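Reader: I would like a careful reading of one part of this model, starting from a single residue and following its surroundings outward. Please state the cut-offs behind each term as you use it.

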Amino acid sequence: MAKKKNNLFEKFANWATAATGSSAAFVIAITTIVVWLITGPVFNYSDTWQLIINTGTTIITFLMVFLIQKTQNKDSKAIHLKLNELLASHQGASNRMVDIENLTEVELDQLHKFYVRLSALAEQEDDLTCTHSIDAADENHQTKQTGFKSKPHYQHAFKNRSKQSK
């Protein structure tokens with residue numbers, strides 16, 4: 001693996017993500033709110049007293065949105081690369097699935113419909129390890145149906161399906 005070269009922002013983002021996601025950060029946030037509430041009577045619940053908490057939380061929220069987005073982008077990219085590696089390395093997987101995150105919403109919906117259909121085909125199988133690729137699902141299913149017609153459970157399933165369609 002290549003030597004890691006993190007820039008200053010990358011190092012800060014990683015540190016801040018770990019720090020803000022910790023139990024200590026939550027305790028600090030709760031403590032801040034409690035201190036602010038306790039100081040309310042001291043400042044007669046003034047507009048300035050309220051403005052302090054509003055401004056502080058707004059600034060922190062604004063900065064955290066970008067930090068969270070950066071972290072999610074990095075994690076998402078890493079997950080996509082890992083999944084792409086699995087797809088590329090598996091002989092039966094369709095390489096057309098690599099980089100599908102660039103498809104439109106309509107194209108993703110069409111692909112989802114295909115997998116719903118593929119799931120229905122898989123439910124007809126008696127072998128849990130039986131798989132189909134996106135490119136060969138119908139062909140594999142037809143081959144299996146014709147190749148296994150001699151098995152009694154397939155004959156029975158085929159007869160039941162024929163009766164149901166009438």
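Author: Asn-84 is buried, with a relative accessible area of 15%, where buried means under 20%, exposed over 50% and partly exposed in between, using a 1.4 Å probe and protein chains only. The model is a predicted one, in which local features need pLDDT of at least 70 and side-chain atom pairs count only at pLDDT 80 or more, while totals for chains, interfaces and linings use all residues. Residues are numbered from 1 along each chain as its sequence is written, and side-chain values use heavy atoms, with hydrogens and water left out.

Asn-84 belongs to helix α3, which spans residues 47-89; helices here are DSSP runs of H or I with at least four residues, strands are runs of E with at least two, and both are numbered from the N terminus. Leaving aside residues up to four places away in sequence, Asn-84 touches Val-98 and Asp-99, a contact being a pair of heavy atoms within 4.5 Å. Another residue of helix α3 is His-80, whose C-alpha atom is separated by 8.6 Å from that of Glu-101, a residue 21 positions away along the chain. His-80 counts as partly exposed because its relative accessibility is 27%, whereas Asn-84, at 15%, is buried.

Helix α3 also takes part in the salt bridges of the model, of which the structure holds 2; a salt bridge is a side-chain nitrogen of Lys or Arg within 4 Å of a carboxyl oxygen of Asp or Glu. In one of them the side chains of Glu-10 and Lys-70 meet at 2.9 Å, N to O, and this pair links distant parts of the chain, with Glu-10 in helix α1, Lys-70 in helix α3 and their positions 60 residues apart. Lys-74 likewise forms a salt bridge with Glu-10, the closest N and O atoms being 2.9 Å apart. Since Lys-74 lies in helix α3 and Glu-10 in helix α1, this pair ties together parts that are 64 residues apart in sequence. Through these shared partners, Glu-10, Lys-70 and Lys-74 are joined into one network of salt bridges. The members of that network can also be described by their accessibility: Glu-10 is buried, with a relative accessible area of 15%, Lys-70 is partly exposed at 21%, and Lys-74 is also partly exposed, at 40%.

At another position in helix α3 is Phe-62, which counts as exposed because its relative accessibility is 53%. Phe-62 is part of a nonpolar surface patch that also includes Ile-59, Leu-63, Val-65 and Phe-66, and these residues together have about 530 Å² of accessible area. Such a patch is made of residues with over 30% relative accessible area and no salt bridge, with nonpolar side chains (Val, Leu, Ile, Met, Phe, Trp, Tyr) joined within 5 Å and like charges within 9 Å. The accessible areas themselves come from the Shrake-Rupley method with a 1.4 Å probe, and for residues only the protein chains shown count as cover.

The loop between α2 and α3 holds Asn-44, and Tyr-45 lies in that loop too. Phi of Asn-44 is near 55 degrees, a positive value in a residue other than glycine, and Tyr-45, which is not a glycine either, has a positive phi near 50 degrees. Most residues other than glycine have a negative phi. Asn-44 is exposed, with a relative accessible area of 65%, while Tyr-45 is partly exposed, at 46%.

The chain as a whole gives the setting for these details. Its secondary structure comes to 6 helices and 0 strands, following the pattern α-α-α-α-α-α along the sequence. Of its 166 residues, 15% count as buried, and the accessible surface comes to about 13600 Å², of which 63% belongs to carbon and sulfur atoms. Among the contacts with a separation of 6 or more, 31% are between residues 24 or more positions apart.
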